[in-house]
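Subject: Structure handover

Hello,

Here is the structure I said I would pass on. My notes on it follow below.

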Amino acid sequence: MKRAKFDLFMSLSRQRSVQVLIFLGFLYVLLVGFEVPFVFRNGFSLVSQDGFGTGQFSKSFVLDSEEELAEKEAPIRPLFDVPLQFPPIQSSKPERKIREIKNTLSSLVFDGSFVNMTSKDGFSGILKSAKEAFDVGRKLWKELELRKKEVGFLESKNNKTEECPHSISMSGFDFQGKGKRMMVLPCGLTLGSHVTVVGRPKRVHLEHDPKISLLKEGQFLMVSQFMMELQGLKTVDGEDPPRILHFNPRLKGDWSGKPVIEQNTCYRMQWGTAQRCEGWRSRDDEETVDGQVKCEKWTRDDDANHSEQSKASWWLNRIVGRKKPVSFDWPFPLSEDKLFVLTLSAGLEGYHINVDGRHVTSFPYRTGFALEDATGLSLNGDVDIDSVFAASLPTSHPSFAPQKHLDMSNRWKAPPLLDQPADLLIGILSAGNHFAERMAIRRSWMQHKLIKSSNVVARFFVALHGRKDINVELKKEAEFFGDVVIVPYMDNYDLVVLKTVAICEYGVHVAFAKHIMKCDDDTFVRVDAVIQEVNKIPENMSLYVGNINYYHKPLRNGKWAVTYEEWPEEDYPPYANGPGYIISSDIADFIVSEFDRHKLKLFKMEDVSMGMWVEKFNSTRHVQYVHSLKFSQAGCVDDYYSAHYQSPRQMICMWNKLQQQGRPLCCNMR
């Protein structure tokens, strides 16, 4: 009985196995039937050879490098059309077409025929200057376009290695000739370079200048001081050259009432933190410069209690009963009408000043400057110069030639514009010979994925330079990188406002940008933070975003003086500081239309001009003013949106910190 049941069970199992095998065979035939036509239709190259799959999804598994991952995050759009090897995959997203903009010249046109050259109106003065600058600019651009032979000559000339003298000497007569009081150091300085000055400080004189004496009108001060400076290249008319080292001995006339030595740096007319030597040796716990203290001692021990050493000496004198005053250990290193020999030397960590063979002070190098930047020695003030001698100078030209600064690599080219509105245009004001500044921006924050994907567009706006060779290099730079817009007028510091109008014109008519940001070429911009700040405001609202000043008054005296003819009112309108602000496209469109109709008032301070234009627009349509201190005016602050006064080296440093640590961190300040 059991045997019969077992045979019946085995018979049923065999039948099921046969049915399963028949089903699998049928399925195999079916799959083969579908695959064979697919292979013949698309080619055998799509079939995987490594067993990981079939079709277009098959590839070997390789771990991406960090560089490849970065490229995937921020793809660089090709500058030419890539032929498709396979039929394009249909997508629900609209195709983003590329627009090709070949013209490097701004479309901004200034018709000076409407300018009344005899008018005494305050705003007409800048119009007269603009007319002259555009007339000169048109001639320069015409020469630049026509004189191709000169371009070739300049190119071959600039490519030659320039040699500089190992030493330079000048007599006092030659140094002070024509009032220049300047020694040119064509290749700058290098480690071990030194400059020796033989001179004689003048006797004290009455000083009535309120900027120095800080006294009321009619009062005076007895003053004797001079300034020795290492300077960099001059940039544009109206802008002072950078002071890489400002050495200022004040024999008499300092606000402290004592002889002091003050040292500092200045970049883009922005002074750093001064280092003052007031006669007391630097503290033992203070950093040294190549092992030398920053300030040596030249005052008496029993003078005011400025150090622990002076206090101890004072008590010792009281105990021993010494009544006679302690003599000077060493008087102030410079004396009126007494010959001195001063040597400035370049060390590993900073500059060192010796007077008559004795160390006086050392000044550490500040971030942003290099020894090769110091291309001139200037001496001004109450001093007569007998001779100047510079030695151990570099004999090869460092990097002031544009081709030394510019990295002509496709990697730094600007991505093309898309045939759709950009979220933001960042217009960067720059000068013709600021090759290093522009290259630093290309290598830093212009590598942000929002710019590489063309959602944000960044362009440099540059006017023509007085030197033809710089214009030649500028035009070549613009044609290669595709991110320079040349505004056709002769550059001038008081006409920067014209570049701002050109930014608005480009943003409205070329980039079709929803918002427009203006900044300078020494401004580091956190693109993502700026976009986030703009997106806080509803799209249908007009906006003006930046570090906004309220109720500021014009300065009527000094370097930044504004006359009543130029600005008759007592207050400026609310305006955002120039190093970084944002406006909506409707405001930019209003500015361009007013300019085209010759109704736009121009003022020499471009940020105040923007405030004036926005105020006029606000009278007819409400503007949302957004104030933020994170658009830093005086340097860099933590968690910045934009940081001003950043040198090319600081730009690269800040970008590296942002990439490596993921946080907006400042680099060392000057």
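How many nonpolar, polar and charged residues are there in the lining of the second largest cavity? The model is a predicted one, and the answer for this cavity is eight nonpolar, one polar and one charged. The residues that line it are I244, T265, Y351, F363, P364, Y365, R366, F369, A370 and L371. T265 is the polar one and R366 the charged one. The volume of this second largest cavity is about 50 Å³. In total, the structure holds five cavities of 30 Å³ or more.

Overall figures

The protein has 670 residues, and 46% of them count as buried. Its secondary structure comprises 16 helices and 25 strands. Of the contacts with a separation of 6 or more, 72% are between residues 24 or more positions apart.

Nonpolar cores

In soluble globular proteins, nonpolar side chains tend to be buried together. Here the largest nonpolar core has 58 residues. Y544, I583, I591, M610 and W613 are the members that touch the most others in this core. Helix α12 (residues 496–509) supplies the largest share of the core, with nine residues. For I591, leaving out residues up to four places away in sequence, the residues touched are C504, I583, L600, M610 and W613. Three of these names, I583, M610 and W613, also appear in the list of members with the most partners. There is also a second core, separate from this one, with 45 residues, including A440, V525, A529 and C636.

Strand β11 and its neighbours

In a regular strand the side chains alternate between the two faces of the sheet. Strand β11 (residues 340–346) shows this alternation: F340, L342, L344 and A346 point to one face and are buried, whereas V341, T343 and S345 point to the other face and are not buried.

β11 pairs with two strands that I looked at. With strand β4 (residues 194–201) the pairing is antiparallel, over six bridges, and L344 in β11 stands opposite V195. With strand β12 (residues 350–355) the pairing is again antiparallel, over five bridges. There, T343 has N354 in β12 as its bridge partner. β11 and β12 make up a hairpin, with three residues between the two strands. L344, the residue opposite V195, is on the buried face of β11, while T343, the partner of N354, is on the face that is not buried.

Regards

Key:
Residues are numbered from 1 along each chain as its sequence is written. This is a predicted model: local features need pLDDT of at least 70, side-chain atom pairs count only at pLDDT 80 or more; totals for chains, interfaces and linings use all residues. Side-chain values use heavy atoms; hydrogens and water are left out. A nonpolar core is a set of buried Ala, Val, Leu, Ile, Met, Phe, Trp, Tyr and Cys residues joined through side-chain atoms within 4.5 Å. Buried means under 20% relative accessible area, exposed over 50%, partly exposed in between (1.4 Å probe, protein chains only). Helices (H or I, at least four residues) and strands (E, at least two) are DSSP runs, numbered from the N terminus. Contact means heavy atoms within 4.5 Å. On a 1 Å grid over the protein atoms alone, a cavity is a set of points where a 1.4 Å probe fits but cannot get out, and a pocket is an open set with protein on both sides within 12 Å along at least five of seven lines; lining residues have an atom within 4 Å of a point. Grid points are joined across faces, edges and corners, and a volume is the space filled by probe spheres set on the points. Two strands pair if DSSP finds at least two bridges between them.
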